[in-house]
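Q: Hello! I am new to looking at protein structures. Could you walk me through some features, one at a time?

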Amino acid sequence: MAAKDAAMTPKEVLALCREKDVKAVDLRFMDFPGLWQHFTIPVSKLVEDVFEDGLGFDGSSIRGWQAINESDMLVVPQSETAFLDPFTELPTLVMICNIQDPITREDYSRDPRNVARKAVNYLKSTGIADTCFIGPEAEFFIFDDVRFDQNAHEGYYHVDSIEGEWNRGREEMPNLGYKLRYKEGYFPVPPADQLMDLRNEMMQTMIDSGLDVEAQHHEVATAGQSEIDLRFQDLVRMADQMMIYKYIIKNVAKRHNKTVTFMPKPLYGDNGSGMHTHISLWKGGNPLFAGSGYAGLSEMAMHAIGGLLKHAPSILAFSNPTTNSYKRLVPGYEAPVNLAYSQRNRSASCRIPMYSPSPKAKRVEFRCPDPSCNPYLAFAAMLMAVIDGIQNKINPGSPLDKDIYDLAPEELAEVPKTPGSLEEALGALRKDHEFMLRGDVFTPDVIDTWIWYKTEKEVDAMRLRPHPYEFCLYYDI
């Protein structure tokens with residue numbers, strides 16, 4: 001249960017605790033790379049002063065955060081985010097928190113939620129718009145089993161699914177034969193789609209927790225690829241809801257002895273998981289992206305696209321932040337690697353959906369992001385690029401309305417491409433981040449720490465380790 005139309009006040013949260021006989025309060029916040037963290041207090045310790053004064057914790061143990069000599073930090077619960085945890089045995093209320101310095105009471109620069117809040121405030125300060133709506137379409141895989149390890153003398157992974165095409169010949173006593181062929185998971189009905197009831201349970205649990213769900217369905221890949229879509233919300237609220245979304249999906253799956261991954265490319269030879277993200281700006285309740293230009297767009301929307309395309313390589317350091325992300329973003333396959341825009345071409349990184357003629361439905365779909373991202377940072381980076389495009393009237397060039405597979409090689413070579421690796425994206429971020437620093441939204445320490453963390457903990461860590469396929473290629477040399 002959560003406040004859907006009106007923000008709950010601290011008094012209302014305390015009243016909800018009494019009404020629902022809540023026994024524990026779970027306080028959650030986002031670490032720097034993008035995983036939810038939490039600790040729990042007895043409900044008796046949640047008094048009205050806590051919403052103002054916060055509670056102390058050690059920030060030095062959180063990835064990418066404080067040094068050990070300045071570790072004390074505060075979590076400050078945000079009453080409007082309250083919802084009842086649908087999984088705990090003890091009745092538990094969850095709240096998302098902001099992070100503050102206990103001495104200065106300043107919001108912490110490396111709290112991802114703070115970055116997102118500052119991006120929205122900066123948008124308002126420019127006078128361009130007062131609201132940024134975000135609508136992500138996160139895909140994920142539901143597996144029945146996963147095993148993986150990497151050490152000095154071995155490295156492997158193994159995933160399995162009752163739906164996987166590779167299980168057509170497995171002895172299942174009985175094997176009923178309804179296995180989804182590679183790239184044919186969109187949209188067969190049950191019994192081929194064997195996850196209908198599970199996704200319905202995920203959907204209903206989201207609804208019960210205050211999320212506005214639009215649809216659920218199987219996705220293209222074999223072996224349990226799925227998608228559940230949420231109705232668009234303002235930027236910070238949507239980032240909050242994406243964390244609730246992931247929490248619910250993973251825990252409903254676990255309840256049925258299944259496992260979920262938002263890793264973008266867990267299967268070789270089949271579609272990866274993206275998070276196509278719709279963005280639009282509004283002011284005074286009116287949409288600003290609708291107009292009489294290409295695909296029914298306004299001049300402002302065209303400039304917003306220009307900003308997204310110009311800064312896409314550095315945005316991807318946040319929106320596609322894993323080495324695995326670039327196993328999905330490969331030219332010639334299904335992923336949107338072409339830095340161009342189109343009203344229908346899904347291989348373009350910016351698409352203008354044409355489902356509805358309503359001005360309120362006019363938006364830009366940025367198709368590069370994937371669900372491994374930290375949504376607060378990814379959405380904020382996108383918004384800052386949109387603002388830069390509008391302020392500097394960046395021309396997005398001509399649309400890419402042709403089928404890319406019909407383009408001559410020399411014509412296709414003229415279309416800019418997304419980075420080919422996380423290392424390339426981090427290099428782009430290092431060179432192009434001034435637009436993110438405006439309004440003190442992304443501070444230099446956020447940019448520097450992100451590049452350092454991703455390089456040392458992920459890029460270099462991958463570089464040091466043999467890959468299993470290298471043995472297939474090179475062992476007999």
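**Reading features one by one**

A: Gladly! Keep in mind that this is a predicted model. Let us begin with Ser325, which lies in helix α7, a helix covering residues 325–328.

Q: Is Ser325 buried or exposed?

A: The general idea is to look at the relative accessible area: under 20% counts as buried. For Ser325 the value is 0%, so this residue is buried.

Q: Which residues is Ser325 in contact with, leaving aside its neighbours within four places in sequence?

A: Contact is judged by distance, with heavy atoms within 4.5 Å. On that basis, Ser325 touches Pro264, Asn320, Asp370 and Ser372.

Q: Now for the backbone. Where is the peptide bond to Pro174 cis, and what is its omega?

A: The angle to read here is omega. The bond running from Met173 to Pro174 is cis, and its omega is near 5°. Pro174 itself sits in the loop between β9 (155–160) and α4 (196–208).

Q: What is omega for the peptide bond from Pro190 to Pro191?

A: Omega is near 10° there, and the bond from Pro190 to Pro191 is cis. If you want to find Pro191 on the model, go to the loop between β9 and α4.

Q: What about phi? Which sign does it have at Ala223?

A: Phi is another backbone angle to read. At Ala223 it is positive, about 65°, although this residue is not a glycine. Look for Ala223 in the loop that links β10 (213–218) and β11 (225–230).

Q: Is Ala223 buried or exposed?

A: Use the reasoning we applied to Ser325. The relative accessible area of Ala223 is 0%, so Ala223 is buried.

Q: What is phi at Asp440, and where is that residue?

A: Asp440 has a positive phi of about 60°, and it is not a glycine either. Its place is in the loop between α11 (434–437) and α12 (444–463). The category between buried and exposed runs from 20% to 50%. Asp440 has 47% relative accessibility, so it counts as partly exposed.

Q: Let us move to the surface. Which residues make the nonpolar surface patch?

A: To read a patch, look for nonpolar side chains with over 30% relative accessible area, joined within 5 Å. In this model, Val146, Phe148, Tyr157 and Tyr268 make a nonpolar patch of about 550 Å².

Q: Where is Val146, and how accessible is it?

A: Val146 belongs to strand β8, residues 145–150. Its relative accessible area is 33%, so Val146 is partly exposed.

Methods: Residues numbered from 1 in each chain as written. Predicted model: local features only at pLDDT ≥ 70, side-chain atom pairs only at ≥ 80, totals over all residues. Heavy atoms only, no water. Helix = DSSP H or I, 4+ residues; strand = E, 2+ residues; numbered from the N terminus. Buried < 20%, exposed > 50% of the residue type's maximum accessible area, 1.4 Å probe, protein only. Patch = residues over 30% accessible without salt bridge, like charges linked within 9 Å, V, L, I, M, F, W, Y side chains within 5 Å. Areas by Shrake-Rupley, 256 points an atom, 1.4 Å probe, with all protein chains shown as cover. Salt bridge = Lys/Arg side-chain N within 4 Å of Asp/Glu carboxyl O.
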